[in-house]
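Please look through the model shown here together with the notes that follow, which take a few backbone features and one helix in turn.

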Amino acid sequence: MAIPQGLLQGIDRLDPLPATAQRLMRALQDEEIGPARIAEYIEFDPAVVSTVLRVSNSAAYGGWQRVDSIRDAVVRLGAARLLDIVIGDYLRRLKVNAPLYDLAEDDLWLHSAAASLAVKALQKERPRAGIPETASIAALVHDIGKLVMVRFLKADVKQILARRDQRNIAFVEAERDLFGCDHAEVGAEMARRWGFPADITAAIEQHHSVPVTSPSPTVDAVVLANLAAKAVGTGLGAEAMDLRLDEEVGRRLKLGFADFSRVCIQTMTWLKELKTSYGMH
Ligand SMILES: [Fe+2]
Ligand SMILES: [Fe+2]
């Protein structure tokens, strides 16, 4: 489905990712860029330095060994996990109110952070499933399309809910029916314009697709991470648990109900820790 012109202009008007995140995103796709250069990108951005040092010491990011300098962090974490921290912090500071989805200030960030942690929990649960490190970045940005939808659509959540009930369809289908596209398609277009790696773009685009059209470990992990993030109570909003799911996703990752429950518990524990590292309760 084509994205309406007004939303495409909205994508161009939205502030792009911060410069540090853009450089790290390029580093992720260029093996020539080594740890020393990556450290340089970060060292000049004081806000990012303090966040990286604070968050990289928490358990979800591997932190039993203390990270005291940016060089340490780069060597220990690598570009993918650094990018995860940098983009996560960017989303946290955006503090977007999203009445179109009935999401309040911190909801979108908490949901994104929970999805990213859920991918890490999935990697721990299924270490041989081939879920790449970058999948947690994909989970972090899976709903970025909502940033454009809430800013550039003149619509009300009641319209989406009414359309959903009238046609007896899922929330995201009502979104598509009403606006001509949904936040997953808009998010993928943003990712393409910002030069994100192809597997991250695909995961954004397909996180609500039933069935998933081009499955990969990243896409599958993001679909399940979205569900886990909702199950732990983040980003529920007006959509709540009104999600359709391609059941092949769980089958491909060989994830039963008990395994998924463990992923949710781990996500919840790490999310609590992340909030504490930001002084939230
Ligand atoms: Fe979504
Ligand atoms: Fe989501």
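1. In this predicted model, P211 sits in the loop that runs between α12 (198–206) and α13 (217–231). The peptide bond leading from V210 into P211 is cis, with an omega near -5°. For background, most peptide bonds are trans, and most residues other than glycine have a negative phi.

2. D102 deserves a look for its backbone angle, since this residue has a positive phi of about 55° although it is not a glycine. Its place in the chain is the loop between α5 (70–94) and α6 (107–125). Is D102 buried, exposed or partly exposed? It counts as partly exposed, because D102 has 16 C-beta neighbours inside 10 Å, whereas a buried residue would need 20 or more and an exposed one would have 12 or fewer.

3. N168 also has a positive phi of about 55°, and it is likewise not a glycine. This residue belongs to the loop between α9 (157–167) and α10 (171–179). With 8 C-beta neighbours inside 10 Å, N168 counts as exposed, because the cut-off for that class is 12 or fewer.

4. The helix that follows the loop of D102 is α6 (107–125), and its length can be checked by simple reasoning. At 1.5 Å a residue, the 19 residues of α6 should span 27 Å, and the end C-alpha atoms are 26 Å apart, so the two values agree. As for its surroundings, α6 is mostly covered, with 15 of its 19 residues buried.

Key. Residues numbered from 1 in each chain as written. Chains lettered and ligands numbered in written order. Predicted model: local features only at pLDDT ≥ 70, side-chain atom pairs only at ≥ 80, totals over all residues. Helix = DSSP H or I, 4+ residues; strand = E, 2+ residues; numbered from the N terminus. Expected span 1.5 Å × (residues − 1).
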